[in-house]
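Visitor: Please give me a close look at the pairing of strands in this structure, and then place that part beside the nonpolar interior and surface.

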Amino acid sequence: MAIVEVKVPQLSESIAEATMLTWKKKVGEAVAVDEILIEIETDKVVLEVPAPSAGVITEILQGDGATVTAEQLIAKIDSEAVAGAAAPAAAPAAAAPVAAAPAAAANKGDVAMPAAAKILAENNLSAANVAGSGKDGRVTKGDALSAIKAGASIPTGAPKAALPQVAAPAVKEDLSGRPEQRVPMTRLRARVAERLLQSQSTNAILTTFNEVNMAPVMALRKKFQDDFTKEHGVKLGFMSFFVKAAVHALKKYPVLNASVDGNDIVYHGYFDIGIAVGSPRGLVVPILRNADQMSFADIEKKIAEFGKKAADGKLGLEEMTGGTFSISNGGTFGSMMSTPIINPPQSAILGVHATKDRAVVENGQVVVRPMNYFAMSYDHRIIDGREAVLGLVAMKDALEDPSRLLFDL
């Protein structure tokens with residue numbers, strides 16, 4: 001017997017512990033080298049743990065839901081064993097209590113993958129009632145979305161698989177149609193909550209608004225869309241215009257790109273723009289490094305890459321660290337107006353919203369234009385109203401006359 005240890009990957013210096021998600025293999029099953037055994041969630045990213053060697057899993061030391069630290073031993077593989085020959089080892093008593101429910105569900109083939117589990121929970125669905133097309137009958141994100149479209153529902157009092165269980169109260173007639181379930185926050189959600197509260201309590205947040213006529217950008221986009229797609233293999237979206245306009249304004253008013261460190265103001269000589277992206281795990285903000293040096297195509301390709309990675313839970317820690325300014329596009333979901341919260345340690349954030357045809361006055365005449373309300377929240381400790389308002393106006397001017405971006409006006 002040649003035992004190979006499976007350990008938790010090295011975590012970031014700022015991350016002390018992580019949570020085990022769902023084991024993809026069971027004791028006694030064969031694995032191939034580099035095959036993903038389990039995913040581990042930190043408060044920033046989801047890390048994959050590959051098999052360090054081919055062989056058979058002889059022991060799982062930490063079950064689903066367990067809290068682990070860097071380099072902690074979580075399983076053992078016999079690199080010389082053959083599947084079916086190894087005797088399954090008993091699950092450790094120290095494994096987290098929540099591991100029992102998902103483990104039992106795994107034997108029934110009704111376990112939901114992390115993204116699917118969140119979707120099911122939000123729609124009051126049970127993985128037990130959804131046909132899984134994934135490995136070993138696991139419910140995938142696609143399965144969950146199909147079930148919602150088909151109008152599936154969760155039976156009264158039935159627990160959702162792959163999620164922490166709660167004891168159901170005594171069945172009463174007036175509660176029969178009102179089930180509840182308590183679900184712990186994911187590490188990412190808890191971290192986001194912590195940072196938002198930190199931002200509200202440490203920054204002097206003020207928001208300034210303006211309206212932007214998107215007609216020039218829409219016309220330019222329509223004119224060059226086909227050629228742009230053929231040349232670069234990606235569609236020309238609005239976000240690249242927003243990023244370009246933001247960088248244009250940050251160059252004019254550097255304090256918008258600065259941050260506070262104690263009693264010092266740190267002015268950044270680079271432009272790393274965070275793009276808020278929704279994911280099955282919650283809000284994430286990957287960073288466009290050196291956005292001032294990126295072309296429209298570079299920006300669109302990187303944003304598309306971020307979107308796919310966010311949906312798959314594959315964003316790396318280095319892709320979400322840092323940032324000097326952020327953009328949040330609530331318009332994707334139909335938002336008309338919002339007051340975005342600053343992402344520490346940054347000092348400002350731009351909120352973009354839905355573009356709608358609205359009646360506006362031009363040269364004394366009422367006309368219809370595709371208008372978008374922009375909102376920029378800023379830290380009033382270091383940014384005065386003048387710089388904030390003029391910075392937002394600079395973004396507005398750049399979008400209403402995109403040629404300004406060419407001549408840096």
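Guide: Two strands count as paired here if DSSP finds at least two bridges between them. The model is a predicted one. With that criterion, strand 2 (residues 18-20) and strand 4 (residues 36-41) are antiparallel partners, joined over 2 bridges. Within this pairing, threonine 19 stands opposite glutamate 41 of strand 4.

The two strands belong to an open sheet of 4 strands, whose order is 5-4-2-7 and whose pairing is antiparallel. At its edges are strand 5 (46-50) and strand 7 (67-68); each has a single partner strand, so one side of each has no neighbour in the sheet.

Turning to the interior, the largest nonpolar core holds 54 residues, of which Val243, Ile273, Phe325 and Ile327 touch the most other members. Helix 6 (residues 239-252) is the greatest contributor to this core, giving 9 residues. Isoleucine 327 has contacts beyond its neighbours within four places in sequence, among them Met239, Phe242, Val243 and Ala246. Further contacts of isoleucine 327 include Ile273, Ile275, Ile349, Leu350 and Val352. A second core, separate from the largest, has 20 residues, including Val31, Leu37, Val68 and Ile77.

In soluble globular proteins, nonpolar side chains tend to be buried together. On the surface, however, Phe209, Met336 and Met337 make a nonpolar patch of about 300 Å². Phenylalanine 209 lies in strand 9 (residues 205-213). Its relative accessible area of 40% makes phenylalanine 209 partly exposed.

Notes. Residues numbered from 1 in each chain as written. Predicted model: local features only at pLDDT ≥ 70, side-chain atom pairs only at ≥ 80, totals over all residues. Heavy atoms only, no water. Patch = residues over 30% accessible without salt bridge, like charges linked within 9 Å, V, L, I, M, F, W, Y side chains within 5 Å. Areas by Shrake-Rupley, 256 points an atom, 1.4 Å probe, with all protein chains shown as cover. Salt bridge = Lys/Arg side-chain N within 4 Å of Asp/Glu carboxyl O. Buried < 20%, exposed > 50% of the residue type's maximum accessible area, 1.4 Å probe, protein only. Core = buried A, V, L, I, M, F, W, Y, C linked by side-chain atoms within 4.5 Å. Contact = heavy atoms within 4.5 Å.
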